[in-house]
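Biologist: Could you zoom in on one buried spot for me and then walk me outwards from there? I'm new to this, so please take it one step at a time.

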Amino acid sequence: MEGLINWATAFWEGLPPALQTVTVTSLQIGLIMVPLILCVAYLTYAERKIIGFIQNRVGPTRVGYRGLLQPFADVGKLLLKEIVVPTNANRYLFVIAPLLSIVPAFATWAVIPFNDRFVLADINAGLLYVLALTSIGVYGIILAGWATNSKYAFLGAMRSAAQIVAYEIAMGFALVGVLMASGSLNLGEIVRAQEGTIFTWFWLPLLPLFIVFFVSGVAETNRAPFDVAEGESEIVAGFHVEYSGMAFAVFFLAEYANMILVSALTATLFLGGWHSPFAGMPVLGDTFLAEPSFFWFALKVSLFLFVFLWLRATFPRYRYDQIMRLGWKVFIPVTLIWIAVEAGMFLLEIGPWAN
């Protein structure tokens, strides 16, 4: 065994530095992507179970123990279904549109810090990278609606584009507030700026921005009650009405991947990321529960994902004019006002700026 380890070490050290870098990066990408894809798959299972519990139903129970293999059955079914391309559709854009939705949702995870030591790309402009990639996702929806040459799909794409533009502006202003509080565009540094007790996390001094950011994230993912782009009672299924098989599944998975991404960003920017909520407490603050770890980050992400599912089971779909009014006339003014309040807090040394 020792000889094998020595041989492996010598082989690794004999590789060119560029190949070593590519190998390590590929392993890190796999370490992020494989669990993320499994989480996306099992989020569909969790949604059916949780909403079933809220509505006094049982959810999936037949495939595997308590239905745990249901996501794999869904994938198998969609893989075997035919992908039908409409006669007058733009075939190239029809195929590339789902990829433009799911690739940014996965690529954004490159800058998400899972704990104090593990982040794939610890870049200084991480917040700008997040904004850039999350803005690309709307192109997949617009192209899907236009390329299929369907009026229902095009109407759903236009609804989604208008909705995303409205709430993207509000999210951007909320991120400006986080930038002002942390003094950095690096997501890891933003988490470190929240080190301390639960009251030093940014959710407290930036409470209106915290609420606006999360609700805007729900709207940007086209989740209920903001799912007018997929209003079944009005425009059949919206922008993906002409998609079938795995092409439809990619849009479906992109929605759930974006849910996890929004939850991770909210936990990172406002709830202290990997920091423990018990840090600084009289009794629990001296135990292992106060130690920062990936567990706390995952727990916070799970909490926000539960809120996503809870909202879907609770609220009816809003009218389109109500959604536009909320984005343009409520959220954007609230974020602008609170940025001004935050500037005053900075001058008066209140909150994160207290000495």
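Modeller: Let's start with Leu 265, which counts as buried because its relative accessibility is 4%, and the cut-off for buried is under 20%. Keep in mind that we're looking at a predicted model. Leu 265 sits in helix α10. What does Leu 265 touch, if we skip residues up to four places away in sequence? The list is Ile 112, Val 130 and Phe 213. Now pick out Gly 140, which is 125 residues away from Leu 265 along the chain. The C-alpha atoms of those two are 21 Å apart.

Stay on α10 a moment and look for Glu 255, because that residue lies in this helix as well, while Arg 223 lies in the loop between α8 and α9. First, a bit of background: side chains with opposite charges can pair when their charged atoms come close. Here, the side chains of Glu 255 and Arg 223 form a salt bridge, with 3.0 Å from N to O. The two residues are 32 apart in sequence, so their pairing ties together separate parts of the chain. Buried or exposed, what are Glu 255 and Arg 223? Both are buried. There's a wider group here too: salt bridges with shared partners connect Glu 47, Arg 223, Glu 255 and Arg 312 into one network.

Let's follow that network to Glu 47. Its side chain meets that of Arg 223 in a salt bridge, at 2.5 Å from N to O. Glu 47 belongs to helix α2 and Arg 223 to the loop between α8 and α9, so this pair ties together parts that lie 176 residues apart in sequence. Glu 47 and Arg 223 are both buried.

While you're in the loop between α8 (207-220) and α9 (232-235), have a look at Asn 222, which lies there too. Asn 222 isn't a glycine, yet its phi is positive, at about 60°. Why is that worth pointing out? Most residues other than glycine have a negative phi. Asn 222 is buried, because its relative accessibility is 4%. Now set Asn 56 beside it. Asn 56 has a positive phi near 60° as well, and it isn't a glycine either. You'll find Asn 56 in the loop between α2 (17-54) and α3 (70-80). Asn 56 counts as exposed because its relative accessible area is 72%, and the cut-off for exposed is over 50%.

Back to α10 (245-270), which turns up again as part of the cover over helix α11: what covers the buried residues of α11 includes α2, α8 and α10. Those buried residues of α11 are Trp 296, Phe 297, Lys 300, Val 301, Phe 304, Leu 305, Phe 308, Leu 309 and Ala 313. As you read along that list, it helps to know that an α-helix has 3.6 residues a turn, so residues three or four places apart point the same way. How far does α11 (residues 294-314) reach from its first C-alpha to its last? Its 21 residues reach 30 Å, close to the 30 Å expected at 1.5 Å a residue.

Another buried spot is Thr 335, in helix α12 (residues 320-348). Thr 335 counts as buried because its relative accessibility is 0%. Leaving out neighbours within four places in sequence, Thr 335 is in contact with Ala 170, Phe 173, Ala 174, Leu 209 and Val 212.

Next, trace helix α6 (residues 151-182) against helix α5 (residues 126-147). Their axes come within 8 Å and cross at roughly 170°. The two helices are therefore roughly antiparallel to each other. From α5, the residues in the contact include Leu 127, Leu 131 and Val 138, and α6 brings residues including Phe 154, Ala 157 and Glu 168. By type, the contact residues split into 13 nonpolar, 5 polar and 1 charged.

One last pair: Asp 116 forms a salt bridge with Arg 192, their closest N and O atoms being 3.0 Å apart. Asp 116 is in the loop between α4 (91-107) and α5, and Arg 192 is in helix α7 (residues 187-192), so this pair links parts of the chain 76 residues apart. Asp 116 is partly exposed, because its relative accessible area is 43%. Arg 192 is partly exposed too, with 30%. In the whole structure, a search finds 9 salt bridges.

Conventions
Residues are numbered from 1 along each chain as its sequence is written. This is a predicted model: local features need pLDDT of at least 70, side-chain atom pairs count only at pLDDT 80 or more; totals for chains, interfaces and linings use all residues. Side-chain values use heavy atoms; hydrogens and water are left out. Axes are lines fitted to C-alpha atoms, for helices over the stretch in contact, and angles run from 0 to 180 degrees between N-to-C directions. Helices (H or I, at least four residues) and strands (E, at least two) are DSSP runs, numbered from the N terminus. Angles under 35 degrees count as roughly parallel, over 145 as roughly antiparallel, 65 to 115 as roughly perpendicular and the rest as oblique. Contact means heavy atoms within 4.5 Å. Ala, Val, Leu, Ile, Met, Phe, Trp, Tyr, Cys and Pro count as nonpolar, Asp, Glu, Lys and Arg as charged, and the others, Gly among them, as polar. Buried means under 20% relative accessible area, exposed over 50%, partly exposed in between (1.4 Å probe, protein chains only). The expected span of a helix is 1.5 Å times one less than its number of residues. A salt bridge is a side-chain nitrogen of Lys or Arg within 4 Å of a carboxyl oxygen of Asp or Glu.
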